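Trainee: Could you take a close look with me at one part of this model, and then walk outward from there to whatever surrounds it? I would like one connected account rather than a list.

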Protein chains: 6
Amino acid sequence: MMQKRNQPGLSDRSNEPPKFAGIHTFLNLHHSQRPEDLKESDFAVVGVPFDTGVTYRVGARFAPSAIRSISGSIRPFNPVLQVAPTEVLNGLDYGDAPIVPGNTERSMERIRETIGKIVKYEALPVCLGGDHSISLPILRALAPKYGPLALVHFDSHPDTWPEVYGEKYNHATPFMRAYEEGLIAPEKSIQLGIRGTFRGPGDLEANERIGFTVITAEQLLDMSSSEVGRRVKETVGEHPVYLSFDIDFLDPAYAPGTGTPEIGGPTSAQALAYIRRLSLEQLKGVDVVEVLPSLDPSEITALAAATVIFEILSVVAAGSK
Amino acid sequence: MMQKRNQPGLSDRSNEPPKFAGIHTFLNLHHSQRPEDLKESDFAVVGVPFDTGVTYRVGARFAPSAIRSISGSIRPFNPVLQVAPTEVLNGLDYGDAPIVPGNTERSMERIRETIGKIVKYEALPVCLGGDHSISLPILRALAPKYGPLALVHFDSHPDTWPEVYGEKYNHATPFMRAYEEGLIAPEKSIQLGIRGTFRGPGDLEANERIGFTVITAEQLLDMSSSEVGRRVKETVGEHPVYLSFDIDFLDPAYAPGTGTPEIGGPTSAQALAYIRRLSLEQLKGVDVVEVLPSLDPSEITALAAATVIFEILSVVAAGSK
Amino acid sequence: MMQKRNQPGLSDRSNEPPKFAGIHTFLNLHHSQRPEDLKESDFAVVGVPFDTGVTYRVGARFAPSAIRSISGSIRPFNPVLQVAPTEVLNGLDYGDAPIVPGNTERSMERIRETIGKIVKYEALPVCLGGDHSISLPILRALAPKYGPLALVHFDSHPDTWPEVYGEKYNHATPFMRAYEEGLIAPEKSIQLGIRGTFRGPGDLEANERIGFTVITAEQLLDMSSSEVGRRVKETVGEHPVYLSFDIDFLDPAYAPGTGTPEIGGPTSAQALAYIRRLSLEQLKGVDVVEVLPSLDPSEITALAAATVIFEILSVVAAGSK
Amino acid sequence: MMQKRNQPGLSDRSNEPPKFAGIHTFLNLHHSQRPEDLKESDFAVVGVPFDTGVTYRVGARFAPSAIRSISGSIRPFNPVLQVAPTEVLNGLDYGDAPIVPGNTERSMERIRETIGKIVKYEALPVCLGGDHSISLPILRALAPKYGPLALVHFDSHPDTWPEVYGEKYNHATPFMRAYEEGLIAPEKSIQLGIRGTFRGPGDLEANERIGFTVITAEQLLDMSSSEVGRRVKETVGEHPVYLSFDIDFLDPAYAPGTGTPEIGGPTSAQALAYIRRLSLEQLKGVDVVEVLPSLDPSEITALAAATVIFEILSVVAAGSK
Amino acid sequence: MMQKRNQPGLSDRSNEPPKFAGIHTFLNLHHSQRPEDLKESDFAVVGVPFDTGVTYRVGARFAPSAIRSISGSIRPFNPVLQVAPTEVLNGLDYGDAPIVPGNTERSMERIRETIGKIVKYEALPVCLGGDHSISLPILRALAPKYGPLALVHFDSHPDTWPEVYGEKYNHATPFMRAYEEGLIAPEKSIQLGIRGTFRGPGDLEANERIGFTVITAEQLLDMSSSEVGRRVKETVGEHPVYLSFDIDFLDPAYAPGTGTPEIGGPTSAQALAYIRRLSLEQLKGVDVVEVLPSLDPSEITALAAATVIFEILSVVAAGSK
Amino acid sequence: MMQKRNQPGLSDRSNEPPKFAGIHTFLNLHHSQRPEDLKESDFAVVGVPFDTGVTYRVGARFAPSAIRSISGSIRPFNPVLQVAPTEVLNGLDYGDAPIVPGNTERSMERIRETIGKIVKYEALPVCLGGDHSISLPILRALAPKYGPLALVHFDSHPDTWPEVYGEKYNHATPFMRAYEEGLIAPEKSIQLGIRGTFRGPGDLEANERIGFTVITAEQLLDMSSSEVGRRVKETVGEHPVYLSFDIDFLDPAYAPGTGTPEIGGPTSAQALAYIRRLSLEQLKGVDVVEVLPSLDPSEITALAAATVIFEILSVVAAGSK
């Protein structure tokens, strides 16, 4: 599947247009929704500007645009992993899923359909949220093809509440729904960075009952990144993986632009180190969610999101060489 | 119904706590949801922090809080109308309607119920949006008691689209729905300040077919405030009135913190002058909507909303003396 | 040249993707740089993210992106002029000119080349600055085809200084250079809105010597929009026109996001009214410049820029029907 | 007293350092506190970074710095009045009065002393507030020399409360104290732009009893600038004048960065027009107060303050030629 | 004293109103100032919106409101300490102390009186500053009942200057005054996180003379949280404790919204870890001070303050079970 | 060269003017450009407000002003190093170099000239950028006197690209140019903190070929500050040193106000610790660059820059005692 991409060589890069110029796509990838292009692609970036599932500060609908824009400042080569992911992998920017603001059910159906088109061609969907509720329809598109997935979930919140305000579908519940719908394999799944306050002791008990491995932020900050990598590997095994990265996994100092921040989290350097220790040969889907641009005039949250995706793509590319 | 309120006299006012201090209610009104307090009230302020109906920039759920906070800077006496509205009228701050973020239908039902409790005691509901979709459930609570209402609608948008993205209930459609449900009397209704761009010529034709009187911003800016008052009076007559004030009626210079601004609008001085020319003896309900605090670090939009409400209450109070 | 565009009908518009979604082009126009598409186009929008010519607050390089983004909130139909410009006119978004940050000379040459490609096919270049220095290379691309142009220049500054800090090419000098290079016809040219402070009495004397008609802000605010239209018409006659709109023409209340604001300017309603009174049958080029997004968290400056362009296109479309 | 200043000629101005560079003084005036320099000066700019007198949003202590910084964007020549004030008048920037944050009494004494040093040499003190409480100690420095002054007071608030929270000295009371202390001549004094809400009918009655002429914002917006100039002239006569300009005189759209904004005010163009109609031959002191920089990321409020001072100096300079 | 609170069970929590809705009290506690409610309370939250004691960036008067607002995002259960503090402890939100902006002496007296009312009923006062000068009147209310208190002081500054600008009462001096007035037991007191620049070597010598234990930030960052807990325990012993937490204890990355930040401080995760190691059986009073909301559009500073208080209450609750 | 400065004693410091007051110079140093003052100076602070060399987010031209302003909050004594640098060393604030916005070549020549005047008197130039391109002309002024310098370079970027967009002189190339021009001694030079993405593997290879020692951020975060100090010492030896500190060396959480942030960097506490371990007896020049104030409303980036300079001066002062 992986093939060297036919691209202008690096030596010409200093003559490229400036990074703030032009029509913004993620990493300046080619924008296309054509099946023939998807067929040639190893991955497809999809914006999912849906934030109706948010229970507190809202505005993640503008995140795909903000992440695309700041991604222009990312250069092609990853010096730690010694790989240029968009040269090793063929990728495109699919644009945004045609969500319906205010209507969760219809939006979820459209997200599922859109991701389905990408999954059909075995391209890796790389999804720019939107709020965390979007993980559910993405998993609904993936599971029919790959079976229940191993969830690798970076977040400050477990997102496994039974419901909120009497609502079953929103950004606090996607992985409970995914579990109930059989989209994820709980005993192969792991959550990292959980912290903050809960509704009660039942919040984490639910996850244990389900079978998730949970590493709280307090535990995480006492572990080395190698240990973290090992724990993820032990849990996930050779299972197909879905990687969900809520930007509020990071401490709010590193990601101030998010709706429901929780203090006491890891640094961005730690996040990158964890990602580099992941084995992502079986990666089938990715989302990075909960960026809320209007709360961060410095745009460092969107930059963190874009860099996290670049790092994930680098790990994939390094593994595929 | 109107009776002099039993309140500390003005002469003590300079010894009051500072306007930034304390638990914020609108105009520092007493907070209560008790029927016996509602029974004694001429008006009740209700926050409706619902913004799931928004199609573009979102966050009006924080507007009730922002408007309450800045309302602390408003003093009791209106020198133009020579009245202290909260001394002539009994009012309370009911708190917020228990909306369900992300679920329009359930939220609308809860808003209707909440307003219904106020209407039951013939208190005037003064609603702090939230987005403009909240006008519909408020009207649903009012019409059973007062019959179809005369709509006096300040806005840059007609809000009478048939649907958006296939959705019938959101901030672009409330008055089409209200018309269809028989909640408003179209020939007694008037829209002021309409401007910006439309989907097509059909947008305003719909309003004409319905029977609304429409004064566009271009027409409005060529009229005196007395003419505006006369046109409203001619249209509304002695009918019970619902006054809906979308803060984007104001030019964005005067209300930058709003989701869907349209340039080319009136000033705040003009808005106040129009309000003072209204005859509001038959006022049955009020909303001020579409304030989006996170887009306005100076808080002048929330201040405009609070002042508009104060001015409306002043007109009511002056008329009741 | 003008032909009805083959486009989805208006009735489908409510089912379109939300205005914040997708890859942003101006007014969601098709993005293309292909000659065959230019050949079919009545106008081409071009971003010119160049701000090295700025002498004070800098950052207009991000304006094309900001204007494209907010332009998603503009709907297709202009109700005042009763026209849907992008349905009457064929247009595309060409993307950005490949400028070189920090190098004025090379950037100007690239801008000239880029605009030249559009002018070659007789499409109208609609340029999103960038700072005001970009007008010079645009005029250099236009004049060889159309001869010296009549300049219709909305601005608070005359932009006809001989030089600044010993530099001849920057945002304070474009029209002095254009005059010297014979690109504009001074006696057919008019400047509107000039105000603020000057270096000395010589600043306006230069313009008089050159032959420009100058209407200061003080004069403008005493004139009706019809008078303004008449004065422009009298000056310009039947000459080919270049319309340059510096966003600081507007009072800073209406355009806070700009580098060199001057208080005491017109409102956005006045600006729209002036534009509607223009006769633009001979329009050969347009720029809207000096938007500085980082200074305006409410984005009303970018919205004003986008709306001004929409209004100009509407006038052109209305005249071509 | 007035003499042509020995300054570099205007023709060299384009070779000056950029307006954002260097150590910021007001209008790049020479910074000095030496008596021999004061003796040669027609006016002295003094920062008064005192905001302990503020009852609501606070931070005007940073206004002198912000106004000095943005004043770098003002060029030397006023084209409406055809004068370059800093060439006709000798001026210096004295720096800031050594106030004591948190201690009103000691600060007022230091302000009085500082202004006294300037008044001693008959230089015009031009004071950059700070909050409006600073007018009192400035008047205490002026009255011993010039007798009770005619107050020309642009503001949305009367600032003549008897006390606030039991406190007699703060930004709501300076002119009541000044009246009681015999520092102003009430029948020669005029207040323009008063609006917003009052504590009760007594607020303006106090001013009438005192003898002030009051033009409310509602009245002002119905008058031409010539009428305004005439009314001021009639009130003030040939009396020595103190001009106090609270930036919240402007509508918050034009001055969002202020602590206690009131909607419904005049534009900056109107403010400039009023100032140009003033006869300021007898001007003995000036303050511009209540700029709160942290609330205005666009800095248009500080720009308005700087421009208002420049316009006042221009009127003085034009009158002295 | 501690008794299980009669509250709705946790299982109903998902049907609560949204966290952004309603009249904001701290953690949605009941608002009351009635003696009978205080008598039943284990703790009372009191806002102290006083910032006249600030020597640099000002605006902490808005902190109680901001902390209350963001505290709505905190859920009832602390998973690290396995306790739901507001269910173990009875608490209320008293509202704000009736301070007098601009008058330190009168404000301090009112703060002392207000806290005195709470102390009278042996409820724990949990104070939301305001600036750090408020610690003095709080200690004045506590010491008469409990004797000199052991101070546990998290801060980047020692706050033991003899005076500033000749003033004895402000945010740089509270603990020198408290020492002089015999309100604290210096040999039982400890300061953690001190860093930044001093006026001279005398600054810390004063603290040593007084008898305070001081752990600088440089020392702190080299210690484990257990060591920190041990050092505090060794110093404090069984003495009644006053805990004062200046938010600038945190590095400015974690608390950008504060008046006098000092770089080089601990993370929020470290702060939480230190708090969890405290023995707070003898806690008699708490303040969290120096949050300055207008400098932090992301609100992460107010969130840190709210979470710190929640963690302190959790430690108290866990100790009382 | 070093002599005790004739200054007011520390004991008077509490009577100084407030830190927000007055005309801002760096650390309130005397402002002078007179040769006789330079002759007496150990160091001279020079603003270099040049940002034409920026390839992405622009506005560092306002950094000297922002750093000077916030430096007022720094007190004279460094408690870690037990030294008051401005009392041990004679220093002045020279003001800004007279750069030409938009013209790199002329600006570089003027910067070189300005620094040359300082170097002439053997004062240490302490330069406030501006973007990183300014290091080149500073080195051009230093090398003729001191020979090729040992570069100690804190940065997330190597800044040794051959060119960008075909341009040789900008903020991505200064040290390649300095190497080519023989201004630095590569084998004595060290870069610390390099991270983020590269154009390709060649980016670091170039540095190795040149002879630079490079410690990437990943390596740095695994080293103790003593090791870092040792590595720098080993590299630099007794060579004359140029210290260049790009504020984006810090993680964006600690320095959000910068143009090209890279996540995954060190904390400010780490940066201070590294600086304290430097041996700076041979320090010949310093710059701190790439602060972009408009992106950081909390001003913590400018504070970090000011504190870094204070720490460097402290190390120099401690070494000279």
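Mentor: Happy to. Start in the loop between β3 (124-129) and α5 (135-146) of chain A, where G130(A) is found. This is a predicted model, and in it the peptide bond from G129(A) to G130(A) is cis, with omega near 10°. Now turn to chain F: a cis peptide bond joins G129(F) and G130(F) there, with omega about 5°. G130(F) sits in the loop between β3 and α5 of chain F.

Let us stay in chain F and look at the sheet. It is an open sheet of 8 strands, paired in parallel, and the order across it is β2-β1-β3-β8-β7-β4-β5-β6. At the edges are β2 (91-96) and β6 (213-216) of chain F, each of which pairs on one side only. From one strand to the next, the twist averages 15°. Near the β6 edge, strand β5 (residues 190-194) of chain F runs parallel to β6(F), and 4 bridges join the two. For a specific pair to find on screen, take I190(F), whose bridge partner in β6(F) is T213(F).

Two helices that pack on this sheet deserve your attention. Helix α5 (residues 135-146) of chain F touches β3 (124-129), β7 (241-246) and β8 (283-289) of chain F, and its direction makes about 180° with that of β8(F). Helix α9 (residues 225-236) of chain F also packs on the sheet, touching β4 (150-154), β5, β6 and β7 of chain F. The direction of α9(F) makes about 150° with that of β5(F).

The α9 helices of chains C and D let us look at helix-to-helix packing. Two packed helices are described by the angle between their axes and the distance between the axes. In chain C, helix α9 (residues 225-236) and helix α10 (residues 268-276) pack at an angle of about 45°, with their axes 8 Å apart. Angles from 35 to 65 degrees fall outside the parallel and perpendicular ranges, so α9(C) and α10(C) are oblique to each other. The crossing in which α9(C) passes α10(C) is right-handed. On the α9(C) side the meeting residues are S225(C), V228(C) and G229(C), and on the α10(C) side they are Q270(C), A273(C) and Y274(C). By class, the residues of that contact are 3 nonpolar, 3 polar and no charged.

Chain D offers its own version to inspect. The axes of helix α9 (residues 225-236) of chain D and helix α10 (residues 268-276) of chain D come within 8 Å and cross at roughly 45°. That makes α9(D) and α10(D) oblique, therefore, in their relation to each other. Their crossing is right-handed. The contact is built from S225(D), V228(D) and G229(D) of α9(D), together with Q270(D), A273(D) and Y274(D) of α10(D). The residues of the contact of α9(D) with α10(D) divide into 3 nonpolar, 3 polar and no charged.

Before leaving chain C, have a look at one backbone detail. D159(C) is not a glycine, although it has a positive phi of about 55°. You will find D159(C) in the loop between β4 (150-154) and α6 (174-180) of chain C.

Now step back to how the chains meet, beginning again with chains A and F. In this pair, 29 residues of chain F are in contact with 30 residues of chain A. The side of chain F that touches chain A has 16 nonpolar, 8 polar and 5 charged residues. A turn of 120° and a shift of 0.0 Å along the axis lay chain F on chain A with an RMSD of 0.0 Å. The two copies are thus related as by a three-fold rotation axis. In chain F, the C-alpha nearest that axis belongs to A253(F), at 3.1 Å from it. The copies use different surfaces, since 7% of the contact residues of chain F recur in chain A.

Chain A also meets chain E: 30 residues of chain E are in contact with 29 residues of chain A. On the chain E side, α10 (268-276) and α11 (300-320) each supply at least two residues. The largest share, 5 residues, comes from α11(E). By class, this side of chain E has 18 nonpolar, 9 polar and 3 charged residues.

Other pairs stay apart. Chain C and chain E do not touch, and their nearest C-alpha atoms are 11 Å apart. Chain B and chain F do not touch either, with 11 Å between their nearest C-alpha atoms.

How values were computed. Residues are numbered from 1 along each chain as its sequence is written. Chains are lettered from A and ligands numbered from 1 in the order in which they are written. This is a predicted model: local features need pLDDT of at least 70, side-chain atom pairs count only at pLDDT 80 or more; totals for chains, interfaces and linings use all residues. Axes are lines fitted to C-alpha atoms, for helices over the stretch in contact, and angles run from 0 to 180 degrees between N-to-C directions. Angles under 35 degrees count as roughly parallel, over 145 as roughly antiparallel, 65 to 115 as roughly perpendicular and the rest as oblique. A crossing is left-handed if the near helix is turned anticlockwise from the far one by less than a right angle, and right-handed if clockwise. Ala, Val, Leu, Ile, Met, Phe, Trp, Tyr, Cys and Pro count as nonpolar, Asp, Glu, Lys and Arg as charged, and the others, Gly among them, as polar. Two strands pair if DSSP finds at least two bridges between them. Copies are superposed by least squares on the C-alpha atoms of residues with pLDDT of at least 70 in both.
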